[in-house]
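Grab your viewer and work through these exercises with the model open beside you. Each one sets a task, then walks through a solution.

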Amino acid sequence: MCIRDSLRCVDEATGSLLWSKQIKTTGSYWTGCSPALWNDNVIAGGTGVHSYNADDGTLNWHVYTSSSFDHQGMVIVNDTIYFRSTSSSYVSLDASDGSQNWMIGWTIQPLMPTAYGEVNGVGYCVAPYSYSEQCVTAASGSAVWTQSCGGNAYGNVIIIGEYAYFGNTTIYKKHLQTGTNAATYNLGTWQPLGMTTNGEDMVFFLRNTSTYTYKLICLDTNLNFNWETNVGYSNEHPTVVGDYVWITEGASISPQYLTAYSMSDGSKAYTDSTALNTYNPIWGGIVNVNNRLYVTNNNGNLFCFESQ
């Protein structure tokens, strides 16, 4: 996990620290990154991009750039890393040694992640581009299509099968290869801040742009309405585990509590009594490992909860 300027590895069962590396040495104190695992290695961004041995933290390689490579939602597919950087670039690197496959100029929308999908064996990457979403080929970074969202696509991107789902006050279902809009869903004055899926249905965490209230809404993969429920303040991406969608929420920015809602009807199923003290950075996310949920906050604390 990344906390402040460091990458930290902890024991899954006990939470004891195994090793720690400082990965951000310039610019903001926050790394803003979500690390990823690849072949027993940890790939993380900070001041450049780093690869470490997951067992002992030994550095495998480091690609330094003049601009910080803070990133969120990095994906690694077929031994290739894809992510957005704060140097106005969209980047593809070889995961084995960090060598660059391609880099393209990209109008910045900070800290928004990328997503990967395939159609007939051809890979595509989708990520925010200014006030739009753009799809490029994974092999070369060549543009395939661009969809204007009318504002920042904070809710990120979900790819299910051959379709990408994203949006601002309108949710789009768009074919990766052709760019055809298969369906849309109008949210009115609501804007997605995060989304998650179990592969059959999607849950969007929404903020009302007029009243700054919050709710969860569940749509199927054809963007048909399933249910919605009002929730408290949160700036955390939801996570589906089994039959429940989990978020952190509270009456205000602090404290917040881990809460589960039923995927079938949106009813509240559980709220943990542990106060998380202060808000969880939006790039942190709730991580599910073997049905245990891990959450960090901006005090540098890591919390572990059983999801069962």
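**Exercise 1. Work out how strands β10 and β11 are paired, and find the odd phi in their turn.**

Step 1. Start with the ranges: β10 covers residues 89-94 and β11 covers residues 100-105. This is a predicted model, so you're reading computed geometry throughout.

Step 2. Check the direction. The two strands pair in the antiparallel sense, over five bridges.

Step 3. Pick out one pair to anchor the register: Leu93 stands opposite Gln100 in β11.

Step 4. Now the connection. β10 and β11 make a hairpin with five residues between them, and in that turn Gly98 has a positive phi of about 80 degrees.

**Exercise 2. Sum up the whole chain: how many helices and strands, and what share of the residues is buried?**

Step 1. Count the elements: the protein has zero helices and 30 strands.

Step 2. Look at burial. The protein has 308 residues, and 54% of them count as buried.

Step 3. Turn to the surface, where the accessible area is about 12700 Å², with 45% of it belonging to carbon and sulfur atoms.

Step 4. Finish with contact range. Take the contacts between residues at least 6 apart in sequence: 38% of these join residues at least 24 apart.

**Exercise 3. Find the largest nonpolar core and say which strands feed it.**

Step 1. Some background first: in soluble globular proteins, nonpolar side chains tend to be buried together.

Step 2. Here the largest nonpolar core has 15 residues, and Tyr185, Met202, Phe204 and Leu223 are the ones with the most contacts inside it.

Step 3. Trace the suppliers. At least two residues of this core come from each of β16 (158-160), β19 (181-186), β20 (190-197), β21 (201-208) and β22 (214-220). The top contributor is β21, with three residues.

Step 4. Zoom in on Phe204. Skipping neighbours within four places in sequence, its contacts are Ile171, Pro192, Gly194, Met195, Lys215, Leu216, Ile217 and Leu219.

Step 5. Don't merge everything into one blob: a second, separate core of 13 residues includes Val203, Tyr214, Leu216 and Val240.

**Exercise 4. Lay out the sheet that contains β12 and explain what sits at its edges.**

Step 1. Write the order: β12-β13-β14-β15, an open sheet of four strands with antiparallel pairing.

Step 2. Find the edges. β12 (115-119) and β15 (143-148) each have a single partner strand, so one side of each is left without a neighbour in the sheet.

Step 3. Ignoring direction, neighbouring strands here are turned by 25 degrees against each other on average.

Step 4. Go down to residues. β12 and β13 (residues 122-129) run antiparallel and are joined by five bridges; Ala115 stands opposite Val126, and Val119 has Val122 as its bridge partner.

Step 5. Look at the link. This hairpin has two residues between its strands, and Asn120 takes a positive phi near 55 degrees.

Step 6. An edge position needn't leave a strand uncovered: four of the five residues of β12 are buried.

**Exercise 5. Do the same for the sheet β16-β17-β18-β19.**

Step 1. These four strands form an open sheet, again with antiparallel pairing. β16 and β19 are the edge strands, each pairing on one side only.

Step 2. The twist averages 20 degrees from one strand to the next.

Step 3. For a register check, β17 (residues 163-167) and β18 (residues 170-175) share five bridges, and Gly167 has Ile171 as its bridge partner.

**Exercise 6. Are Ser51, Asn39 and Asp79 buried, exposed or partly exposed?**

Step 1. Ser51 is in strand β6 (residues 48-53). Its relative accessibility is 1%, so Ser51 counts as buried, as the cut-off is under 20%. Beyond four places in sequence, Ser51 touches Asn41, Val42, Ile43, Thr58, Leu59, Asn60 and Trp61.

Step 2. Asn39 lies in the loop between β4 (36-38) and β5 (41-46). At 54% relative accessibility, Asn39 counts as exposed.

Step 3. Asp79 lies in the loop between β8 (75-77) and β9 (80-85). With a relative accessible area of 44%, Asp79 is partly exposed.

Step 4. Check the backbone too. Most residues other than glycine have a negative phi. Asn39, though, has a positive phi near 50 degrees, and Asp79 has a positive phi near 65 degrees.

Conventions:
Residues numbered from 1 in each chain as written. Predicted model: local features only at pLDDT ≥ 70, side-chain atom pairs only at ≥ 80, totals over all residues. Heavy atoms only, no water. Pairing = 2+ DSSP bridges. Buried < 20%, exposed > 50% of the residue type's maximum accessible area, 1.4 Å probe, protein only. Contact = heavy atoms within 4.5 Å. Areas by Shrake-Rupley, 256 points an atom, 1.4 Å probe, with all protein chains shown as cover. Core = buried A, V, L, I, M, F, W, Y, C linked by side-chain atoms within 4.5 Å. Axes fitted to C-alpha atoms, helices over the stretch in contact; angles between N-to-C directions.
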